[in-house]
Structure formats: structure tokens, C-alpha cells
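Reader: I am new to this structure. Could you walk me through a helix, a hairpin and the pockets?

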Amino acid sequence: MSLDKPALAFYTFRSTSFSRGDASSMKTFSPTPEHIDHQWFVVDADNQVLGRLAAQIAHRLRGKHKPEFAPHMDNGDVIVVVNCEKIKVTGAKLEKKKYYHHSGYVGGLREITLDKLLAEKPADVLMHAVRGMLPKNRLGRAMLKKLKVYAGPTHPHTAQGPKPLSFPY
């Protein structure tokens, strides 16, 4: 068996460039604030299921769809949601799902059903669902500020030039 040049070059390449002791050959990319590009997107929530839409929005707000994702940085996009009042839920959630909050006083636990909350404040339903899918720290609060939800078909962010975004389900 003879050693030709390609096989010899392969072994030389493996032994010099990717040996365990050579730490300078492979570097992990860590994004910096210069790498972050917040794009604007508009999502039409008409006839969309609440949980599925909230999961896709939270994914985009975190920036997990980008190859330069880092869990410690806010590199997601800005999402504008319109027609939030026409959102759907499956099953009997309209009558059975309840949202709770406390006034701070003794016996001050308040509850409201999903259909009443959709009638009064339809934007709060989607904000509450997305908030539960984001990190529970200051980074998650910063991500939530990039979500703009409107009940009707219009929004005041046309100057930013948001691109339409549709989700597969």
C-alpha cells in the first residue's frame, strides 16, 4: 500500500488543524449589538387560533428563527398584530377559560372569562398569551415591548414599513 499525497495531506490536516489542543482553530460565534437587525412585520390575526399564533409570535420576538440567535440577547423582530378582535379559540375555552388577577386587598381575587375579556380588551388576550411564552426576566419584558397589538385593521406604524407575515398554521 502506497501513501499518496491526498491521504497524506488529509492526515496532516487532521493532526495540525483540528487537534484537541489547538483552541484557536474553531471559534463560537457570539453576536454583538452591531449584529442585531430588528425588522418590522405585520400579522393579521383574523381567523387565527390564539395559542398557535402566540407561539409563533413569541418565537419571532425572541429571534429564534435567526441563525445568530443568542439566548442572552434581544435580537428578535418587532411584530405588529392587527384584527386581534377576530381571533379564534378551540373547544369550550370562550366560556370556561378564566383570567385571574388580585386587587391587593383582602378577598380581592378577581376573575374574568375569555369571552368577556375579548369583548372588553381584545389586545390583552394575545398579550397575556405571548407574555407566558417569553422569559420571565428583564429580557422577556424588553421582548414584549416589541409586540404591538391592535383590535382593528389599522395601526399607526406604517412609517416603519412593516412587511406582511403569515404563519403556516
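Author: Below are short questions and answers on a predicted model.

Reader: How many residues of helix α5 are buried?

Author: Helix α5 spans residues 122–131. Buried here means under 20% relative accessible area. P122, A123, V125, L126, M127, A129 and V130 meet that cut-off. Of the 10 residues in α5, the number buried is seven.

Reader: Which elements do the buried residues of α5 pack against?

Author: Two of the partners lie after α5 in the numbering: α6 (138–144) and β5 (147–149). The others are α2 (50–62), β2 (78–82), β3 (98–102) and α4 (114–120).

Reader: Which residue stands opposite K98 in β4?

Author: β3 and β4 pair in the antiparallel sense, over five bridges. They form a hairpin with six residues between them. In the turn, G104 has a positive phi of about 100°. Across from K98, in β4, stands T113.

Reader: Which element gives the most to the lining of the largest pocket?

Author: This pocket holds about 200 Å³ of space. Its lining includes K98, Y99, Y100 and H101, along with D124 and H128. β3, α4 and α5 each supply at least two lining residues. The top contributor, with four residues, is β3.

Reader: How many nonpolar residues are in the lining of the second largest pocket?

Author: About 150 Å³ of space lies in this pocket. Among its lining residues are V49, L50, Y99, H128 and A129. α2 and α5 each supply at least two. By class, three are polar, three are charged, and the nonpolar count is five.

Notes
Residues are numbered from 1 along each chain as its sequence is written. This is a predicted model: local features need pLDDT of at least 70, side-chain atom pairs count only at pLDDT 80 or more; totals for chains, interfaces and linings use all residues. Side-chain values use heavy atoms; hydrogens and water are left out. Buried means under 20% relative accessible area, exposed over 50%, partly exposed in between (1.4 Å probe, protein chains only). Contact means heavy atoms within 4.5 Å. Two strands pair if DSSP finds at least two bridges between them. On a 1 Å grid over the protein atoms alone, a cavity is a set of points where a 1.4 Å probe fits but cannot get out, and a pocket is an open set with protein on both sides within 12 Å along at least five of seven lines; lining residues have an atom within 4 Å of a point. Grid points are joined across faces, edges and corners, and a volume is the space filled by probe spheres set on the points. Ala, Val, Leu, Ile, Met, Phe, Trp, Tyr, Cys and Pro count as nonpolar, Asp, Glu, Lys and Arg as charged, and the others, Gly among them, as polar.
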